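Please look over the sequence and the structure shown here. The briefing that follows takes up cysteines, the nonpolar core and aromatic rings.

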Amino acid sequence: ATGHSARDVYRNFASNGFGIEAKALAVGCRLEHPSQLIDCLQYHTRYGRGRYLPSAEYSFVTQCNGRGVYSFCMCPGGVVVPSATASEQVVVNGMSASARGSKWANSAMVVEIRTEDIGQLIGEGLDPELPTCAFLDQMGVGDVKSSPLAVMALQENIEKQAWLNGGRMQVAPAQRMVDFVRGRLSADLPTCSYTPGVVASPLHFWMPQYISSRLRAAFENFGRNAHGFLTNEATLIAAETRTSSPIRIPRDRELFCHPTIAGLYPCGEGAGFAGGIVSAAMDGERCAMALASASF
């Protein structure tokens, strides 16, 4: 029951020849608006939520060039937080305290990546010094695309690009929302909740076109459906890459155990069978019940 960022576990499985599979996931950025703006949009009033209503939430989804683009883990009255798990990477996530009282609202805005898209994305270039690329090279795997770790390498590549474009620290590269859609560099940035700080960067230029082109189309769609949502008061902060596991560890559909390793019960987000806190808890409960009833 590891987390979906326990990449050492995936490398261990690969090096020992245990069965693992590449899995689809979604990648993009964090989008942060002023809470007052989202409250006005969602409550349909210029006065916002007032004294008694909670911080407003939203959910957007659309299709762009055959792939889903959607909001994920929306955090009303929340903050954007650093979530890197190793050196030379910038990863962002979002959270809300119980009061949901901050002056910002943020959400992941992500693009669906299917396993059949790996070749196209890797074709845009991978850094050979990435941990996964170096690991596969040591394993004698010359073609990253043929490895079940390929999606994980894509994650690492985007995270390293965010680190490089943020100035090789935990400062995150960012861009005003309309500037991103119009393909122009932001001269300055709004204040935001991300504590390490942000720096203006042309996300539309250095992010994979597979992702950036779909995000730009989706933002225009969302702006038509919710007038005022597409605004330069909002900041796009890179990169959101950990929406789910890039790997699935196989298991029996009925018994929940690994098909070839006796006594191993892969469960939760890290095994690729859940996509959030509640679904991981439910999956863990089912695996625990299966283990309790098993005979060895």
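Cys75 is buried, at a relative accessible area of 4%, where buried means under 20% relative accessible area, exposed over 50% and partly exposed in between, with a 1.4 Å probe and protein chains only. This is a predicted model, in which local features need pLDDT of at least 70 and side-chain atom pairs count only at pLDDT 80 or more, while totals for chains, interfaces and linings use all residues. Residues are numbered from 1 along each chain as its sequence is written, and side-chain values use heavy atoms, with hydrogens and water left out.

**Cysteines**
- A search of the whole structure finds zero disulfides (pairs of cysteine sulfur atoms within 2.5 Å).
- Cys75 is in no disulfide, and the nearest cysteine sulfur, in Cys73, is 4.2 Å away.
- Cys257 is buried at 19% relative accessibility, and its sulfur is 9.8 Å from the closest cysteine sulfur, that of Cys287, which is too far for a bond.

**Nonpolar core**
- The largest nonpolar core (buried Ala, Val, Leu, Ile, Met, Phe, Trp, Tyr and Cys residues joined through side-chain atoms within 4.5 Å) has 65 residues, of which Met109, Ile211, Phe219 and Phe229 touch the most other members.
- A second, separate core of six residues includes Cys257, Tyr265, Cys267 and Ala290.

**Aromatic rings**
- Seven aromatic pairs are counted (ring centres of Phe, Tyr and Trp, the last by its six-membered ring, within 6.5 Å; planes under 30 degrees apart are stacked, over 60 edge-to-face and the rest tilted).
- Tyr58 and Phe229 form an edge-to-face pair, 5.2 Å centre to centre with 80° between the planes, and Phe229 is buried at 1% relative accessible area.
- Phe60 and Phe222 are stacked, 4.8 Å centre to centre with 25° between the planes.
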